[in-house]
Amino acid sequence: MITQNNFWQHNKAVFIFALVALTMPLWFPLMGGYSGLDTKIMIFCIFVVGFDILLGFTGYLSFGHAAFFGISAYVTGIMLKSFSDNIIPAIIVAVAAATLVALIIGLLTLKRTGIYFSILTLAFAEMFDSMAMSMLQRWTGGENGLTGMPTPMLFDLKMQGDTVFYFCAICAIILFYLAKRIERSPVGLMMKAIKCNQTRLEYTGINARKYKLLAFVLSAMYAAIAGALMVVYEPFVGHEFLGWHQSGEVVIMSVIGGVGTLVGPMLGAAFMLYFENVMSVDLGEQWLLVLGVIFMAVVIFMPGGFMEAIARLKKRFFTTIDGE
Amino acid sequence: MDMTLNAFTLSVLTGLQLGSIYVLIALGLTLIFGTLGVVNFAHGALYLIAIYLAVSINNALGFGLALILVPPILFVIGVLLERGLIQRFYNRPHTDQILVTFGLAIVLQELLKWIFGANNIPFAIPSWGNGIIMLHDYLPFLEGFVVYPKWRMILVVVAIVTVSAVFALLHLTRFGLVIRAGMRDAEMLQFLGVNINRRFMIVFGLGAMIAGIAGVFGGPVTQVSPEVGMQLLVPSFLIVVIGGMGSLGGAVLAGILIGMAQSFTAPYIYLNTIIIYLITVIILLVRPRGLLGAKGVFE
């Protein structure tokens, strides 16, 4: 009985997320969201949850996670095109490739502290971007992007419309559950200790670099899964998948939502994509300007993002009741 | 390597010219980082403001006024940014400083895109800077007919003058002495009763002003479009890292190094696209604090 209660307590957020995610096709169109946008939101939920393992737990701000997203997307596209239209081998190979790249970049960039890390991850992503446009053009399609993929198949199930959505949603739910498990685990605690005080952690004889690298590679794997799903969702890969815009987008989503809360970044992702695709109709070309202003306001006045806003409102609400 | 003396000379000049813009951007970045400890992701956007101001004033009122007006305007913009925004972040984590300047970069870039459009605006070079220089007249060892665009040579001269002026300011004046002391130990300086905040403001303005000078002379070379800011920011960041965070001499050295590397690898397209990253990785592995980085500074 007690274990069952604990299970419910620990996974409340996962159940709520699952409920919201799986019913999304029912209520999302009522808000003006077109079909397909919900799939994209699920994919970016995966991306930002992984990103939060790095930024939220260890405090390392990467400006180059588009690299893993993009590399995985390209590999998925090439696999679908030239190996098999089944998405399972494509995703496995793509994530493996991105993980390997992440391991190498992580080993190089994590030698340095926060600021260097941000600059260097940005540089590596830009390097892959320019490589995709020049020496790898034969495989990536260069400026035109990678096109001509067959309809992706999950064994003999065609990946189209709602099928893609439910596939992505189930992936997102499982990966969110895993991130929650990591957060509660001793490894997650070590990662959070790095953010608190890395020097002190090292003085206790713990190898902080091992945990930093683990967080980096894990977050890259989440980004890679998101990148692969992006190709399943829409059979096209452009070099903008690798660009700093893409990395910056994930940073904005995480910060607006609330870094370190796992749920917050997902809210941020949903908000940003909704803003970009639905609310931007009224704003036209200036949507990014408005978003930039919102982002700056959050950083300046509410560093905890939406989650801090919710917590503040909750506190105010409950204290009023207590006062009466 | 099979290379004639003529080709070698031209590559050196192109390297210097590429390096000049990098050095001017990186100088401001490293100055601001060294004194204020702030990584300014909006520095590319400051350059953007400069080139758009320069091209507007140049096309309406002539280059002379652009040259006189743009750097001081950028100084004022820098001071206002520091007072209005950056100073709130001195006591917050570096991550927050990166985030807020990144947000600022997006806002400024989108604002300029809104006002001036996304396309390149032609930046007419003034008549006295147009044309080519006959290099063989000055360098007797060159064979035959060797020419180089005059404006690009002017850019190199401007970079040399600006760098010299900044070094003179920092090493020959009392103001510079205080700034250098602040780069070493800001806390101690405050204990000695120096008003460090006012100087921080001026340093940020100075960094912006150098970006302004870079914009006036670099605009015709780098083009005038909203993407230019971010395109220059990444190499400039790497130059700051290669040179050593907060080291002015390092930024100059690394800027020239990267300019040369890009110029000399130009015939090899594949190597050319990744050379700057390759150098960064090698430097990081061999000398993690950068070429001239001081020991213990953000190591």
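# A walk through a predicted two-chain model

Buried residues account for 48% of the 324 residues in chain A. Keep in mind from the start that this is a predicted model. The predictor gives the complex an ipTM of 0.89 and a pTM of 0.90.

Let's stay with chain A for a moment. Its secondary structure consists of 15 helices and two strands. The radius of gyration is 20 Å, close to the 20 Å that the globule rule gives for 324 residues, so chain A is as compact as a globular protein of that length. If you picture a box around its C-alpha atoms, taken along the principal axes, that box comes to roughly 65 × 50 × 50 Å. The contacts reach far along the sequence: of those in chain A with a separation of 6 or more, 78% are between residues 24 or more positions apart.

Now over to chain B. Here you'll find twelve helices and two strands, and from the N terminus on they run α-α-α-α-β-α-β-α-α-α-α-α-α-α. The radius of gyration of chain B is 19 Å, close to the 19 Å that the globule rule gives for 299 residues, so this chain too is as compact as a globular protein of its length. Its C-alpha atoms fill a box of roughly 65 × 50 × 35 Å along the principal axes. Of the 299 residues of chain B, 48% count as buried. Residues 24 or more positions apart make up 75% of the chain B contacts with a separation of 6 or more. As for confidence, chain B averages a pLDDT of 89, and 98% of the residues score at least 70.

So where do the two chains meet? On the chain A side, 33 residues are in contact with 31 residues of chain B. Three helices of chain A, α7 (114-133), α12 (244-257) and α14 (287-301), each supply at least two residues of the side that touches chain B. Of the elements in chain A, α7(A) gives the most to that side, with twelve residues. Sort the chain A residues that touch chain B by type and you get 21 nonpolar, nine polar and three charged.

Next, the interior. The largest nonpolar core has 205 residues, and the members that touch the most others are A:F47, A:A224, A:A226, A:A228 and B:A50. Helix α11 (residues 208-233) of chain A gives the most to this core, with 17 residues. Take A:A224 and look at what surrounds it: leaving aside neighbours within four places in sequence, A:A224 is in contact with A:F68, A:F69, A:S72, A:A94, A:V95, A:A98 and A:T99.

A:M230 also sits in helix α11 of chain A. Is A:M230 buried or exposed? It takes 20 or more other C-beta atoms within 10 Å for a residue to count as buried, and A:M230 has 26, so A:M230 is buried. Beyond its neighbours within four places in sequence, A:M230 is in contact with A:I43 and A:A73. Have a look at A:C168 as well: A:M230 and A:C168 are 62 residues apart in sequence, yet 9.3 Å apart in space, C-alpha to C-alpha.

Chain B has its own α11, and this one covers residues 248-264. At 1.5 Å a residue, its 17 residues should span 24 Å, and the end C-alpha atoms are indeed 24 Å apart, which agrees. Twelve of the 17 residues of α11(B) are buried, so the helix is largely enclosed by the rest of the structure. Among those buried residues are B:L248, B:V252, B:L253, B:L257, B:I258 and B:F264, along with B:G250, B:G255 and B:G259. What covers the buried residues of α11(B)? The covering elements include α1 (5-36), α6 (150-172), α10 and α12 (269-286) of chain B.

Finally, a couple of backbone spots are worth a look. A:L262 has a phi near 65°, a positive value in a residue other than glycine. You'll find A:L262 in the loop between α12 and α13 (263-283) of chain A, and it is buried, with 26 other C-beta atoms within 10 Å. In chain B, B:Q223 has a phi near 75°, again a positive value in a residue other than glycine. B:Q223 lies in the loop between α9 (196-222) and α10 (228-243) of chain B. With 15 C-beta neighbours inside 10 Å, B:Q223 counts as partly exposed.

Methods: Residues are numbered from 1 along each chain as its sequence is written. Chains are lettered from A and ligands numbered from 1 in the order in which they are written. This is a predicted model: local features need pLDDT of at least 70, side-chain atom pairs count only at pLDDT 80 or more; totals for chains, interfaces and linings use all residues. Two residues are in contact if their C-beta atoms, placed from the backbone, lie within 7 Å. Helices (H or I, at least four residues) and strands (E, at least two) are DSSP runs, numbered from the N terminus. Ala, Val, Leu, Ile, Met, Phe, Trp, Tyr, Cys and Pro count as nonpolar, Asp, Glu, Lys and Arg as charged, and the others, Gly among them, as polar. A nonpolar core is a set of buried Ala, Val, Leu, Ile, Met, Phe, Trp, Tyr and Cys residues joined through C-beta atoms within 7 Å. The expected span of a helix is 1.5 Å times one less than its number of residues. The radius of gyration is taken over C-alpha atoms; the globule rule is 2.2 Å times the number of residues to the power 0.38. pLDDT is the predictor's confidence in each residue, from 0 to 100.
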